[in-house]
Amino acid sequence: MNNRLKKLNDIMKEKGISSLLVTKPENRRYLTGFTGTSGYLLITPQKNIFLTDFRYVEQANEEIYEGIEVVKHEFPMTKTLNEILGDLNVSTLYFEKNYITYETYEEYQQKLSNTTLQPSVDLVSEIRKIKDEDEIDTLKEAIKISDEAFLHIVNFIEEGVTERELSLEMEHFMKEKGAEKVSFDIIVASGERSALPHGVASEKKIKNGDFVKMDLGACYKGYCSDITRTVVLGEATEEQRKIYEMVLQAQMNAIRSIKAGMTGKEADETARCIIHKEGYGDKFGHGLGHGVGLEVHESPRLSPNHEETLKPGMTVTVEPGVYLPGWGGVRIEDIIVVKENGCEVLTQATKDLLEI
Ligand SMILES: [Mn+2]
């Protein structure tokens, strides 16, 4: 049995869960290695079965980790699943309650005639919070692609180019460098629009004096990177410098301070205290960061509302921002790995205020 399945089995035992249906795509991929888009992992005391349809059987046989049996399901899938559950005498089946829709739940209830359904919290995401070395290496590759895309776009930005053109150029560049897809719709928010924390690229043209805030990520072998940089077209004003420097100081203080044993709230505070002290506390309206891995936003969270303790091997973003409506905003975001006595920054792109 692979190490990941073993960890899951241990947690299931602890919780008194004997059989579980894993349906969330990232969890499925994590446990089985399957990269396709349709499949169900059934974990039972006797055996682990991967159900998929005829389109994916061959791929599953190539990709699925040892110790998991591949079975082709008929349609609806619940027909095959019901037979298997009967053969294996599974009387209670847990499902991932954060992923199954109410409609699917109703279908399962109707079709899995001899099985009682029970909701389970997302156990696999719990395990996924702590990355192994292979995962960190893959994430580094994803980060390298978006770092290079940022360097590339710095040479591409000029007066009159639209935000959408910048976004397209970065997307094209990242795919050329091996990204399967972008981690999320690229954010390019310039001038006054840079005050929008999540301003997806628009038709606005970049003009001299604009802050250009760019938030992008590459998905590589399933792992998502996430980087934000803010640059200025032309020479920065004194106020632009001041806000940029404050956000950078907050970000750097967080990187100097974050280590295992801290809570998400304490980590958040290491950046927030600096912005608050300068009088901009109410302009930093989101959390400091989030876990990143197979999903671009996953657990744990670094925010005033999260008390979860950070552990070595967790990969999280550190991304303070200050947004002044009608004027503009700055965010600076890196990915770090939490270590026993500190953290390691994986993002390499420069954080100096670039005047292009
Ligand atoms: Mn982020």
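Is Tyr 105 buried, exposed or partly exposed? Tyr 105 is partly exposed, with a relative accessible area of 23%. Some notes follow on what else I found; keep in mind that this is a predicted model.

1. Tyr 105 and its partner. Tyr 105 makes an aromatic pair with Tyr 102, and the pair is tilted, at 6.2 Å centre to centre with 40° between the planes. Both tyrosines sit in helix α5 (residues 102–111), 3 residues apart, or about one turn of the helix. Tyr 102 counts as exposed, because its relative accessibility is 60%.

2. The other aromatics. Across the whole structure the search turns up 5 aromatic pairs. One of them joins Phe 34 and Tyr 56: the ring centres are 5.6 Å apart and the planes meet at 90°, so this is an edge-to-face pair. It links distant parts of the chain, with Phe 34 in the loop between α2 (25–32) and β2 (40–43) and Tyr 56 in the loop between β3 (48–52) and α3 (57–63), 22 residues apart. Both Phe 34 and Tyr 56 are buried. Add Phe 50 and you have one aromatic cluster of Phe 34, Phe 50 and Tyr 56.

3. Arg 29, which touches that cluster. Arg 29 lies in helix α2 and is partly exposed, with a relative accessible area of 23%. Leaving out residues up to four places away in sequence, Arg 29 touches Phe 34, Thr 35, Lys 221, Gly 222 and Leu 294. From Arg 29 to Leu 41 it is 12 residues in sequence and 9.7 Å in space, C-alpha to C-alpha.

4. The manganese site. Which protein residues are donors of the manganese ion? They are Asp 226 (OD), His 290 (NE2), Glu 319 (OE) and Glu 333 (OE), at 2.1 to 2.3 Å from the ion. Along the chain the donors are spaced as D-x63-H-x28-E-x13-E. Take His 290 and Glu 333: this pair links distant parts of the chain, with His 290 in strand β13 (residues 289–291) and Glu 333 in the loop between β17 (328–331) and β18 (334–339), 43 residues apart. His 290 counts as buried because its relative accessibility is 6%, and Glu 333 is buried too, at 0%.

5. The nonpolar cores. The largest one has 33 residues, and those with the most contacts inside it are Ile 258, Leu 288, Leu 310 and Val 322. Elements giving two or more residues to this core are α9 (238–257), α10 (264–277), β15 (315–318), β16 (321–324) and β18. The largest share, 8 residues, comes from α9. Another core, of 29 residues, lies apart from that one, and includes Leu 41, Ile 43, Ile 68 and Leu 139.

6. Around Ile 258. If you set aside neighbours within four places in sequence, Ile 258 is in contact with Ala 267, Thr 270, Leu 288, Leu 302, Leu 310, Val 318, Ile 336, Val 338, Gly 342 and Cys 343. Worth clicking through on screen: Leu 288 and Leu 310 in that list are also among the residues with the most contacts inside the core.

7. Cysteines. The disulfide count is 0. Cys 224 is in no disulfide, and the nearest cysteine sulfur, in Cys 219, is 4.2 Å away. For a disulfide the two sulfurs would have to be within 2.5 Å. Cys 224 counts as buried, given its 6% relative accessibility. Why does Cys 343 not bond to the closest cysteine? Its sulfur is 15 Å from the one in Cys 273, which is too far for a bond. Cys 343 is partly exposed, with a relative accessible area of 21%.

8. Annotated domains. UniProt, in an unreviewed entry, lists "domain: Creatinase N-terminal" at residues 4–130. In the model that span is 43% helix and 21% strand, with its end C-alpha atoms 11 Å apart. The unreviewed entry also places "domain: Peptidase M24" at residues 138–340. Here the model has 32% helix and 24% strand, and the end C-alpha atoms of the span lie 21 Å apart.

Key:
Residues are numbered from 1 along each chain as its sequence is written. This is a predicted model: local features need pLDDT of at least 70, side-chain atom pairs count only at pLDDT 80 or more; totals for chains, interfaces and linings use all residues. Side-chain values use heavy atoms; hydrogens and water are left out. Donors are N, O and S atoms within 2.8 Å of the metal (3.2 Å for Na, K and Ca); water is not among the atoms, so sites may look incomplete. Helices (H or I, at least four residues) and strands (E, at least two) are DSSP runs, numbered from the N terminus. Buried means under 20% relative accessible area, exposed over 50%, partly exposed in between (1.4 Å probe, protein chains only). UniProt positions are given in the numbering used here, feature names are shortened, and annotations may be inferred rather than shown by experiment. A nonpolar core is a set of buried Ala, Val, Leu, Ile, Met, Phe, Trp, Tyr and Cys residues joined through side-chain atoms within 4.5 Å. Contact means heavy atoms within 4.5 Å. Rings of Phe, Tyr and Trp (its six-membered ring) pair if their centres lie within 6.5 Å; planes under 30 degrees apart count as stacked, over 60 as edge-to-face and the rest as tilted.
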